[in-house]
Amino acid sequence: MKFASKLDAQTFLSEIKAFDKINSVDKDFVPSLDEMKSFIKVRSPLVKKLKNYRKSANQKANWRNNRTKMMKGIKAFHKSTTGKRFHKRLGRFLATRITRKKTNEEINIYESLLLKQSFLKALNSAKQHMLVELEYFHQLQEQVELEEMIVDYALPYFTMIEKKIITGEELSDNETIFLFDITDESCIIQKLAELTEQEFAQMEKMWKAITIELESKKIAKNDVTYYPTLIEGIKKKLGRE
């Protein structure tokens, strides 16, 4: 168990009623085996009860509807050096999906073994960070949401996407949407500009014009049709339909 702040460490101790140690800990506190056993004993039934309640109330965490809340846990990753590499690699991956024509020849050009390895490394770095995030202490509600996002949604998607990248199979709309959600928008625009030999500002203007049009049609980012419509709009403007 790791702690992002002194308050998290103190909250952990309060949950197991170890009040005598609260004033002496900081974020580097390392719980003993007995303390971890006590925490699991207290927390596990609460997590199970809350998950069951959410399922019965049809409120199970869903990436499209809870994107902002779910992404909060991996913000630190996005700012790291590894995170920046991830965005650049996935930005290129998504840009090739927009700019290429669906022919075997072009797939071979854009998705050589070397590029596939780069994309797979990017996915793996994001996946590993999500797993590391589960090692940290979280408030009960946040823990449930994080577990649902990572275990029930993200990890299965990563597995399927990795498999399809290796085999060259097309991604589904939901898989593409997932990648767009976790990749920095400016990196996608930058790679689109590079692949189409346009200025970044010009590509960004095109991108924003389409998003404004989507907003005028009341198609929000959490709408399942948002990214597919955005992609088709860019393809049309680039003449890549």
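**Exercise 1.** Locate L134 in the loop between α7 (113–133) and α8 (140–167), where helices are DSSP runs of H or I with at least four residues, numbered from the N terminus, and classify its accessibility.

*Solution.* The model is predicted, so local features need pLDDT of at least 70 and side-chain atom pairs pLDDT 80 or more, while totals for chains, interfaces and linings use all residues. Residues are numbered from 1 along each chain as its sequence is written, and side-chain values use heavy atoms, without hydrogens and water. Buried means under 20% relative accessible area, exposed over 50%, and partly exposed in between, with a 1.4 Å probe and protein chains only. At 33% relative accessibility, L134 is therefore partly exposed.

**Exercise 2.** Characterise the salt bridge between E135 and K2, a salt bridge being a side-chain nitrogen of Lys or Arg within 4 Å of a carboxyl oxygen of Asp or Glu.

*Solution.* The N to O distance in this pair is 3.2 Å. E135 sits in the loop between α7 and α8, whereas K2 belongs to the segment before α1 (6–15), 133 residues apart. E135 is partly exposed, with a relative accessible area of 37%, and K2 is partly exposed, also with 37%.

**Exercise 3.** Determine how K127 and E162 are paired, and whether each counts as buried or exposed.

*Solution.* K127 and E162 form a salt bridge whose closest N and O atoms are 3.1 Å apart. The pair links helix α7, which holds K127, with helix α8, which holds E162, across 35 residues. K127 counts as buried at 15% relative accessibility, and E162 counts as buried at 15%.

Notes
Helices (H or I, at least four residues) and strands (E, at least two) are DSSP runs, numbered from the N terminus.
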